[in-house]
Amino acid sequence: MKLGMVGLPNVGKSTLFNALTNAGAESANYPFCTIEKNIGIVSVPDERLDKLAEMYHPDKFTPATLEFVDIAGLVKGASKGEGLGNKFLADIREVDAIVHVVRCFEDIDIIHVDGEINPARDIETINLELIFSDIEMVERRIDRTKKLAKGDKKYLAEAEFLERLKSHLEAGKSARAFDYTEDEKEIIKSTPLLSGKPVIYAANLCEDDFINNIDTNPHYNTVKKIAAEEHAAVLPICAQMEAEISDMSPEDKEMFLGELGLKESGLNRIIKEGYSLLGLISYLTAGQPEVRAWTIKKGTKAPQAAGKIHTDFEKGFIRAEVISFEDLMACGTMAAAKEKGLVRLEGKDYIMQDGDIVLFRFNV
C-alpha cells in the first residue's frame, strides 16, 4: 500500500511524515520546503504476528509494509504548471490513496501560505487542481469514445456517461463524489482520476484541541462536513505530538498515550483507515523458518493469494490448509487444532479472510 501525503505549504505535512516514518525529511517554516518527494517505508503493526512469533520462534519475522510518499506542497494553478504543480500531479498518480493534511490549528509563528486558517479553502485549492487535471483527461477520453461511436453505436452510452462525469467535475465536485453504477465503474477503471483516489483527511490540530476539544474545534468540524459529502475519511491528528513520541521506545510510547487516554498512535490509526479505504486485509504464514503477513484485497481467492508469495504457487495451486488466527490461539498449537478438526482444506474458490493462517499446497 502506497499513501501519498499532500497539503498546502506549512500545514504540518512534512512534520507528520517525519513523525510517522522517522525518515528525516526536511521540514521548515517556508513554502516548498519539500521539492523532491520523500519516501518512508514503515512496518504495519500486527499483534497477531507477535503472538505467532512467540509460538514458533521463527528465524525470520516479516510484517506487512506501508509506503508513505511526502509530496511537494501545492498552490493554485498546479494543473497549469504553477509552483511545482506538474511534479505534484505526476507523483500523486503513483499512489493508491491520499492522506490530505489540513491545518486546523492556530499559530501566529507558523505562516499560512494564504495568510489565515481556512480548511474549506485549503481543501478546495487542492481538490480543484486535481479536478482540473481530471477534466482534461475525461475530455480526451470523450473525444476518443465519440470517434469509436461513429463505427460502433455501443460507445454512445459510454460517451453519454463521460459527458455527465465531465459536467460533475466542472461543477467543482471530485470524482469520488460521483454516483457511479457498477457498469460505469468498469468504464472509468482504465482512466485513473486523481480526484477519484480514496482520501483520508488528516485534520492537524494543536495538542490541547486534539486531547480535549476535538469536537469544539470549528476547523475540524468543517473538515468532517466536507469529508462526509465526498465519501472520504477524516482522522483528527496532532503532528506535533506525533513528532514528540516518534523517538520513544514502544513501552514509553504506550505509557504516554495511555496517560492521555489514547489507545493507539496516529500511525496505527492511519494504517487502519488506509486498509479500510482500499479494501485490504492480511493473511498470515507461520512456521519456524518465517512468520509473515501478506496484504491482499478483500475478496481475493486462495490461488491468487498464493500468487502473492510466488507465481508458481498460483499456477500449481492444489489446495490451502487454513485455520483462523483466533482458533489457533484458542488451541495453543497447530497439532491440537488439527485434532479438533479446525484446520480446513480449501479449494480454488475459497475467498481469503483477514487473519487466515495458511499453508498452500501446490505442484509445478
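**Notebook: strand 1, helix 2 and two positive phi values**

I began with strand 1 (residues 2-6) and found that this strand is mostly covered, since four of its five residues are buried. I keep in mind throughout that the model is a predicted one.

Next I looked up the pairing partners of strand 1. With strand 4 (residues 65-70) the strand runs parallel, and four bridges join the two; within this pairing I noted L3 standing opposite F68. I then turned to strand 5 (residues 97-103), which also pairs with strand 1 in the parallel sense, again over four bridges, and here G4 is the residue that stands opposite I98.

Following the chain onward from strand 1, I stopped in the loop that leads to helix 1 (13-21), where N10 lies. The phi of N10 is near 65 degrees, which is a positive value in a residue other than glycine. Is N10 buried or exposed? I read a relative accessible area of 12% for N10, and because the cut-off for buried is under 20%, N10 counts as buried.

My second entry concerns helix 2 (residues 47-56), for which I listed the buried residues as R48, L49, L52, A53 and Y56. I asked how they are arranged around the axis, and found that they cover an arc of only 140 degrees, so they sit on the same side of helix 2. On the face turned away from this buried side I found the exposed residues E47 and E54.

What covers the buried residues of helix 2? I recorded several elements, including strand 3 (60-62), strand 8 (280-285) and strand 9 (290-297), and I also noted helix 14 (325-331), helix 15 (334-339) and strand 12 (356-362) among the covering elements.

I then checked both ends of helix 2. At the N-terminal end, D46 acts as the cap, with a side-chain oxygen that lies 3.0 Å from the backbone nitrogen of R48, and R48 is itself one of the buried residues of this helix. Just after helix 2 comes H57, which takes a positive phi of about 50 degrees although H57 is not a glycine. I placed H57 in the loop between helix 2 and strand 3.

For H57 I put the question I had put for N10: is H57 buried or exposed? The relative accessible area of H57 is 61%, and because exposed means over 50%, I entered H57 as exposed. Setting the two loop residues side by side, I have N10 as buried, whereas H57 is exposed.

How values were computed: Residues numbered from 1 in each chain as written. Predicted model: local features only at pLDDT ≥ 70, side-chain atom pairs only at ≥ 80, totals over all residues. Heavy atoms only, no water. Buried < 20%, exposed > 50% of the residue type's maximum accessible area, 1.4 Å probe, protein only. Arc of directions from axis to C-beta. Contact = heavy atoms within 4.5 Å. Polar contact = N/O pair within 3.5 Å; in protein donor to acceptor, adjacent residues only side chain to side chain. Pairing = 2+ DSSP bridges.
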